[in-house]
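Me: I should like to go through this structure in questions and answers. Please reason briefly each time and close on the item requested.

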Amino acid sequence: MQGQLRKEHLSFNLTTECAHCQQPLHLEIDSELNYRVVEAEAEPLVYAPMVNFGQLDDPSIIDAF
């Protein structure tokens with residue numbers, strides 16, 4: 001989202017773990033919300049929340065959750 005607001009291509013790597021089995025997970029995500037899961041056998045649930053920013057009263061999207 002930050003990349004879209006700034007009209008710049010951004011990407012990042014996210015390191016986390018499965019909440020169920022604690023296996024490491026590595027995700028690569030870009031400013032177009034394209035993502036790739038590095039671990040071939042992993043199938044995490046990845047989603048982008050749909051938010052109506054015109055009606056958002058919270059100071060940020062994070063506060064809305």
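**Confidence, sheet and contacts**

Reply: Among the elements of the protein, helix α1 (residues 2-6) has the lowest mean pLDDT, 68, and β2 has the highest, 92. The model is a predicted one.

Me: What is the average pLDDT of the protein?

Reply: The model is predicted, and 89% of the residues score at least 70. Over the protein, the average pLDDT is 82.

Me: Which pattern do the elements follow along the sequence?

Reply: The protein contains two helices and three strands. Read along the sequence, these elements give the pattern α-β-β-β-α.

Me: In which order do the three strands form the sheet?

Reply: Strand β1 (residues 11-17) is joined to strand β2 (residues 24-30) by seven bridges, and the two run antiparallel. Strand β2 also pairs with strand β3 (residues 35-37), in the antiparallel sense, over three bridges. The three strands thus form an open sheet with antiparallel pairing, in the order β1-β2-β3.

Me: Which strands are the edge strands?

Reply: The open sheet has the order β1-β2-β3. An edge strand here pairs on one side only, and this applies to β1 and β3.

Me: By how many degrees are neighbouring strands of this sheet turned against each other on average?

Reply: The sheet consists of three strands in the order β1-β2-β3. With direction ignored, its neighbouring strands are turned against each other by an average of 20°.

Me: Which residue in β2 is the bridge partner of Glu 17?

Reply: Strands β1 and β2 are antiparallel and are joined by seven bridges. Within this pairing, Thr 15 stands opposite His 26. For Glu 17, the bridge partner in β2 is Pro 24.

Me: Which residue in β3 is the bridge partner of Leu 27?

Reply: The pairing of β2 with β3 is antiparallel and has three bridges. The partner of Leu 27 in β3 is Val 37.

Me: Which residue in the turn between β1 and β2 has a positive phi?

Reply: The hairpin of β1 and β2 has six residues between the strands. Most residues other than glycine have a negative phi. One residue of this loop has a phi near 65°, although it is not glycine, and at 45% relative accessibility it counts as partly exposed. That residue is Gln 22.

Me: Which residue in the turn between β2 and β3 has a positive phi?

Reply: Four residues lie between β2 and β3 in their hairpin. The residue in question is in the loop between these strands and is partly exposed, with a relative accessible area of 48%. Its phi is near 65°, a positive value in a residue other than glycine. The residue is Leu 33.

Me: Which residue forms a salt bridge with Glu 28?

Reply: The structure holds one salt bridge. Glu 28 is partly exposed, with a relative accessible area of 31%, and its partner is also partly exposed, at 43%. The closest N and O atoms are 3.0 Å apart, and the partner of Glu 28 is Arg 36.

Me: Why does Glu 39 have no salt bridge, and how far away is the nearest side chain of opposite charge?

Reply: Glu 39 lies in the loop between β3 and α2 and is buried. Not counting residues up to four places away in sequence, Glu 39 touches Pro 24, Leu 25 and His 26. A salt bridge requires a side-chain nitrogen of Lys or Arg within 4 Å of a carboxyl oxygen, so Glu 39 has none: the nearest side chain of opposite charge, that of Arg 36, lies at a distance of 8.2 Å.

Me: Which residues does Pro 44 contact, leaving aside its neighbours within four places in sequence?

Reply: Pro 44 is in the loop between β3 and α2 (61-64). Its relative accessible area is 25%, so Pro 44 is partly exposed. With those neighbours left aside, Pro 44 is in contact with Leu 25, Leu 27 and Val 37.

Me: How far apart in space are Pro 44 and Glu 17, C-alpha to C-alpha?

Reply: In sequence, Pro 44 and Glu 17 are 27 residues apart. From C-alpha to C-alpha, the distance between them is 9.9 Å.

Me: What percentage of the residues in the protein is buried?

Reply: Buried means under 20% relative accessible area. Of the 65 residues in the protein, the buried ones make up 11%.

Technical notes
Residues numbered from 1 in each chain as written. Predicted model: local features only at pLDDT ≥ 70, side-chain atom pairs only at ≥ 80, totals over all residues. Heavy atoms only, no water. Pairing = 2+ DSSP bridges. Axes fitted to C-alpha atoms, helices over the stretch in contact; angles between N-to-C directions. Buried < 20%, exposed > 50% of the residue type's maximum accessible area, 1.4 Å probe, protein only. Contact = heavy atoms within 4.5 Å. pLDDT = per-residue confidence, 0-100. Lys, Arg positive; Asp, Glu negative; His and termini not counted.
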